[in-house]
Amino acid sequence: MKILIKNGRVINPSEKLDKVMDVLVEDGKITKKAEKIEGIDDALEIDASGMWVTPGLIDMHVHFRDPGFTYKEDIESGSNAAARGGFTTVCAMPNTKPVTDSVDVVKYIVEKSKEIHKTNVLPVGSVTMGMEGKEVTDIFALKEAGICAISEDGKSVMNSSVYRKAMKKACEANLPVLAHCEDINLVDGGVMNMGDKSEELGMKGISNAVEDIIASRDILLAKETGARLHLCHCSTKDSVTMIKEAREDGIDVSGEVCPHHFSMCSDDITGDDGNFKMNPPLRSREDMEALIQGLKDDVFTVISTDHAPHSTEEKKNGFKSPFGIVGLETSVALTMTKLVKKGIITPMQMVEKMSFNPANRLGIDRGTLDQGAVADITIIDPDAEYEIHASDFVSKGTNMPFEGWKVNGKVKFTILDGEVVYHD
């Protein structure tokens, strides 16, 4: 199949290219980029005038709930949501049932993803068997089966000795460690950020120290083991300082921020509404502003969604509901509206954080529009104005607090391996 993309603003961080050009795709590869490409027979022609043409977006942090919790989401519905959101690759976290701790579960996810072929679903293996924090998984066997990283996301491995052993193995296997930083003993039943809003609503609070203590521990373990550490869903102002100082110290650490954490703070919580309950929680305005500055300064090199769907029934119970927010179908719009349109980050930075940098961190051959690269491409209308409505989602999950928000930035086409898998 041939696709000719005409007149788009091509943003390709691997070449530092930002220019209006045509792009030719043939047999699943990018074969040519030029100011004008003419005379291509039998090509599907896409007029991308006024739109961005970017490498396919990559989300390092999603929960597809498959196997085991498919009433919340499954690989097919999650892949459809990813394609609608412009994502051609996602990393599926291991807190499934059974946990992604065996070759069989990894192969199930890989094969089902290929069969559906709407996005590349890269399984993340659990750090420990059953995510029980006791026995390290066979990381080498899981890598051979197809995992892209290890994580215990949803919780932290509280036993530092076990975690150090896992980090050493991950280092030997050349796999990144995706760290959920949460001292479960300090959480102590908390449901939202500790502060004025938790006091106002009479809710038990979660302090910043819950995240910061484990983040600092994980950074020190990465320093000792040489592991490639990536801190998931950073939410506190001190995470900015710790990552910056760690990198200055030569430690191989990166961090991500989720759109909900740079779009809202605890002040925005309107009441006992389960759509505002996420982990880590919406933090103070001071924390939110520090995260935004950290994105601007490239302390945070990745934007991920932590897409965590739950059923409508589960989310009806206010702050007694499970933690989690969906994000695949709102990520582009929130990033465009809250960061790019305000001049906080550039279009190039957005594409770096949502495609090029995640690919580099994972060590995969994606995130680029270089000639000869796999044709994973996202086409975005940066000026499209619309309202976010959960009724438009293709994810099974609709749990998010952005209903009715007016935003800019809409994915118009998602191209996977040279095939259009989504068209708005």
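1. Strand S2 (residues 17-26) and strand S3 (residues 29-34) run antiparallel and are joined by 5 bridges, with Glu 26 standing opposite Lys 29 in S3. In the hairpin that these strands make, 2 residues lie between them, and Asp 27 takes a positive phi near 50 degrees. Strands here are DSSP runs (E, at least two residues; helices are H or I, at least four), numbered from the N terminus, and two strands pair if DSSP finds at least two bridges between them.

2. The model is a predicted one, in which local features need pLDDT of at least 70 and side-chain atom pairs count only at pLDDT 80 or more, while totals for chains, interfaces and linings use all residues. Residues are numbered from 1 along each chain as its sequence is written, and side-chain values use heavy atoms, with hydrogens and water left out.

3. On its other side in the sequence, S2 is joined to S1 by 9 bridges, and these strands run antiparallel; Ile 11 has Asp 18 in S2 as its bridge partner. S1 and S2 form a hairpin with 4 residues between them, where Lys 16 in the turn has a positive phi of about 55 degrees.

4. Lys 6 forms a salt bridge (a side-chain nitrogen of Lys or Arg within 4 Å of a carboxyl oxygen of Asp or Glu) with Asp 22, the closest N and O atoms being 2.8 Å apart. This pair links distant parts of the chain, since Lys 6 belongs to strand S1 and Asp 22 to strand S2, 16 residues apart. The structure holds 27 salt bridges.

5. An open sheet is formed by 8 strands with parallel pairing, in the order S6-S7-S8-S9-S10-S13-S14-S15. Strand S6 (57-62) and strand S15 (302-303) are the edge strands, each pairing on one side only. Strand S14 (residues 253-257) runs parallel to S15 and is joined to it by 2 bridges, with Val 257 standing opposite Ile 303 in S15.

6. The largest pocket (on a 1 Å grid over the protein atoms alone, an open set of points where a 1.4 Å probe fits, with protein on both sides within 12 Å along at least five of seven lines; lining residues have an atom within 4 Å of a point) holds about 310 Å³ of space. Its lining has 16 residues, of which Arg 65, Asn 95, Gly 154, His 310 and Phe 323 lie nearest the centre. The lining residues divide into 4 nonpolar, 8 polar and 4 charged, with Gly counted among the polar ones.

Note on methods: Grid points are joined across faces, edges and corners, and a volume is the space filled by probe spheres set on the points.
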